[in-house]
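Hi,

Here is the structure I promised to pass on. Have a look at it first, and then read on for what turned up when I went through it.

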Protein chains: 2
Amino acid sequence: MKQIKGGVTAAKGFKAASTAAGIKYQNRQDMAMIYSEVPCDVAGTFTKNLVKAAPVKWDQRVVYESKKAQAVVVNAGIANACTGEEGMGYCKQTAEKVGELLGVPEEQVLVASTGVIGKQLPIDRICAGIEVMIPALLGGYESGHAAAKAIMTTDTHEKEVAVEVELGGATVTIGGMCKGSGMIHPNMCTMLSFVTTDAAISQELLLEALQADVEDTYNMISVDGDTSTNDTCVLLANGMAGNAKITEKNEDYAAFCKALNFINESLAKQMAGDGEGATALFEVKVIGAETKEQAKILSKSVITSSLTKAAIYGHDANWGRILCAMGYSGASFDPEKVDLFFASAAGKMQIIKDGVALDYSEEEATKILSEPEVTAIADVKMGDATATAWGCDLTYDYVKINADYRS
Amino acid sequence: MKQIKGGVTAAKGFKAASTAAGIKYQNRQDMAMIYSEVPCDVAGTFTKNLVKAAPVKWDQRVVYESKKAQAVVVNAGIANACTGEEGMGYCKQTAEKVGELLGVPEEQVLVASTGVIGKQLPIDRICAGIEVMIPALLGGYESGHAAAKAIMTTDTHEKEVAVEVELGGATVTIGGMCKGSGMIHPNMCTMLSFVTTDAAISQELLLEALQADVEDTYNMISVDGDTSTNDTCVLLANGMAGNAKITEKNEDYAAFCKALNFINESLAKQMAGDGEGATALFEVKVIGAETKEQAKILSKSVITSSLTKAAIYGHDANWGRILCAMGYSGASFDPEKVDLFFASAAGKMQIIKDGVALDYSEEEATKILSEPEVTAIADVKMGDATATAWGCDLTYDYVKINADYRS
């Protein structure tokens, strides 16, 4: 497996386009499209929030009924959530427009929206944007990169990643882009993530691979504990790499899953590190757990603790808050057996041994915690299971963004 | 029932004292004592955090084994949590010291601590503080008021309340004080709350009354979602009012419970409104629910949503975030049936009808949301159950306090 430059257009046969449709933002692109030269098998995972945005409901039908998709239309600025029948109608109109112009069945067009909840989409601008983008669809790095920028809301930078992997006698590429900064606490999937691959793989296995992997990637990040109404991750596979089609859980499937995990973990970490107002990516590894589920509950509890997140912002080795967050997580462990370490590019040090603080240097700890990527490792000494969760620090800017911005 | 001036010394026979013991703070009192002239029946509820502070473990023994208490010693500055055997030893030494000087069995002395986790108590200063306070124990308003100040950490003001109620042929008084500002998300009880009464009531019913009431009061507030290691609420009843002793669930018991609820709800709301950095008390009422449990889950989900809390700080009628938080709460309801209202001293207005926004005035909504106490009312139109939760807004100062302060 080899990481390569690129994102959603890295795999063979995928094109992208983007435009400034004027949905909400001025002076920037705010719509993007992804298109595959041939129909794709499609997998998707979606928010578990009871309040589901219209595009989530639309895409669920594409994934579970059509099982095929050839185009994706995304807009930033308005989420098309809490918009009733009217909002559902706009999803259909969007898909119809794309279908008409590209000769694709409307039920094979995915739509996704992100932004303010409760406002209706300006459907004329959406349709005008589609008319501009379709003739501009292009393969290659630049168009995918521009698309990754166009779907941003409060994100401070675009997020994309791609890898190549040899499987089934061919070089298979997987690439993806995502956006997400606030309202990030995916309970099924991340805010908006689009992954494309030229692998040939059955739709059934594609869905299984994605569903399993989101549990360890997108579902392990949190910026603010708020699970969005729009969380969507879709994975499109067009089979153009020419590999022997994966139809069973063989070695090729394992290699595909490994590469997919690399893509999803990278995108998930990019989102956590770019959490609204964040200055640091905060990684929490729980090791020595009895079960993976236990390790996940403990690690997620720490990355969602406001007090711990504020301490990370202050570069303060406030380990009591970490132990406290583990204690109220609901998972069982013996507080008097816990070892805790802090690590970053500046070094690694043990803070607690058997639940009691060591005589560590606060200065040294602060140095470790001042890096842009910081890790806490908690060993609960009960077994061999581990889990990792990713979050970010809680800063003035998080408050500023969310007190001032109607998102 | 009549609200009266006072707190923990309002009921007959209760005295208090406080002192500057130099535990952590300079130039302020940081220790307090409560003492009853006669032994009290005692009830208590404690944190469900797996990481329990030493005084929590000590007090649980007092409540469940001794069932009697006559004195309480509280310190601010150091939590005596994650302090192992040494920390437990300090609880014992504290109780022994009080017992020795007051002629009370050590197992009838409650201890409570709040402050930084992981540091050991300076036991010499604690004992010196006790020596100063015991001769200074005094009934009346001032000593209770001073005690309420002495137990504060990041609280901006003291919190106390008292009522009189006629029952069993006598005037019974209940009064209380509490502290709590950060790390407030009680899962059993609030951070530190001390309620005293001169009612005569069996210890069994006292415990039952308290346990039931904390579910609707302290357990319905949240500042930051972090459940403390030290949450403690104790209720002392010394029987000195001379009422016919309450030994069954009769009218007197109901009247006592009603008065207790007034005290606990008042203290709980005082804590939520004085949340770290808060500028507003944020109350969320869910009405029309099928069950009380469902209404509680929905209302708590909204008051713990960082995005909603930040919007309240910005006086922004960002109702989408409220619906979103209800949606990911785990409780079921039909988003397309929800009515939502905002209310405060400045008025009341409907924002959503049947899940869709009305054409309301943003200006008017902002006016309502600019008051120091703000209420959101969500009607889910499924039944008759209701619940209320209390939180506060999320502000720059919350971040400042917790990034800079080793609490």
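A quick word on terms before I start: strands here are DSSP runs of E, at least two residues long, and they are numbered from the N terminus. Keep in mind too that this is a predicted model.

With that numbering, I174(B) belongs to strand 7 (residues 170-179) of chain B. Is I174(B) buried or exposed? The cut-off for buried is 20 or more other C-beta atoms within 10 Å, and I174(B) has 27 of them, so it counts as buried. Its contacts, leaving out residues up to four places away in sequence, are A11(B), A162(B), V163(B), V195(B), T197(B), A259(B), L260(B) and I263(B). Take A162(B) from that list: it sits twelve residues from I174(B) in sequence, and the two C-alpha atoms are 5.6 Å apart.

Next, strand 3 of chain B. This one covers residues 31-46, and 13 of its 16 residues are buried, so the rest of the structure largely encloses it. Which strands does it pair with?

- Strand 2 (residues 14-19) of chain B is antiparallel to strand 3 of chain B, with six bridges between them. Here S18(B) is opposite A32(B).
- Strand 4 (residues 68-78) of chain B is also antiparallel to strand 3 of chain B, this time through seven bridges. I34(B) has V72(B) as its bridge partner.
- Strand 9 (residues 232-237) of chain B runs antiparallel to strand 3 of chain B, joined by six bridges. F46(B) is partnered by T232(B).

If you follow the chain on from strand 4 of chain B, look at the loop that leads to helix 2 (84-102) of chain B, where N80(B) is found. N80(B) is not a glycine, yet its phi is positive, at about 50°. C82(B) lies in the loop between strand 4 and helix 2 of chain B as well, and again has a positive phi, about 60°, without being a glycine. Both might be worth a look on your screen. N80(B) has 31 C-beta neighbours inside 10 Å and counts as buried; C82(B) has 26 and counts as buried too.

Further along chain B there is an open sheet of six strands with mixed pairing, in the order 13-12-11-14-10-15. Why is one side of strand 13 (356-357) and of strand 15 (385-392) of chain B left without a neighbour in the sheet? These two stand at the edges and have a single partner strand each, so nothing in the sheet flanks their other side. Inside the sheet, strand 11 (residues 339-344) and strand 14 (residues 373-379) of chain B run antiparallel and share six bridges, with F342(B) bridged to A376(B) in strand 14. Helix 7 (residues 292-303) of chain B packs on this sheet, where it touches strand 10 (281-289), strand 14 and strand 15 of chain B. The directions of helix 7 and strand 15 of chain B make an angle of about 20°.

Over to chain A, which has eleven helices and 15 strands. Its radius of gyration is 21 Å, close to the 22 Å from the globule rule for 407 residues, so chain A is as compact as a globular protein of that length. Along the principal axes, its C-alpha atoms fill a box of roughly 70 × 50 × 35 Å. Of its 407 residues, 63% count as buried. Among contacts in chain A with a separation of 6 or more, 80% are between residues 24 or more positions apart.

Helix 3 (residues 123-133) of chain A is a nice one to turn end-on. Its buried residues are I126(A), G129(A), I130(A) and M133(A). Down the axis they fall within an arc of 100°, so they line one face of helix 3. The face turned away from that buried side carries the exposed D124(A) and E131(A). The cover over the buried residues includes strand 2 (14-19), strand 3 (31-46), strand 4 (68-78) and helix 2 (84-102) of chain A.

Last, the interface: 49 residues of chain A are in contact with 49 residues of chain B. On the chain A side, helix 8 (306-313), helix 9 (319-327), strand 13 (356-357) and helix 11 (396-404) are the elements giving two or more residues. Helix 9 of chain A gives the most, with six. By type, the chain A side divides into 24 nonpolar, 19 polar and six charged residues.

Cheers

Terms used
Residues numbered from 1 in each chain as written. Chains lettered and ligands numbered in written order. Predicted model: local features only at pLDDT ≥ 70, side-chain atom pairs only at ≥ 80, totals over all residues. Buried ≥ 20, exposed ≤ 12 C-beta atoms within 10 Å, placed from the backbone. Helix = DSSP H or I, 4+ residues; strand = E, 2+ residues; numbered from the N terminus. Pairing = 2+ DSSP bridges. Rg over C-alpha atoms; globule rule 2.2 N^0.38 Å. Contact = placed C-beta atoms within 7 Å. Nonpolar A, V, L, I, M, F, W, Y, C, P; charged D, E, K, R; others polar. Arc of directions from axis to C-beta. Axes fitted to C-alpha atoms, helices over the stretch in contact; angles between N-to-C directions.
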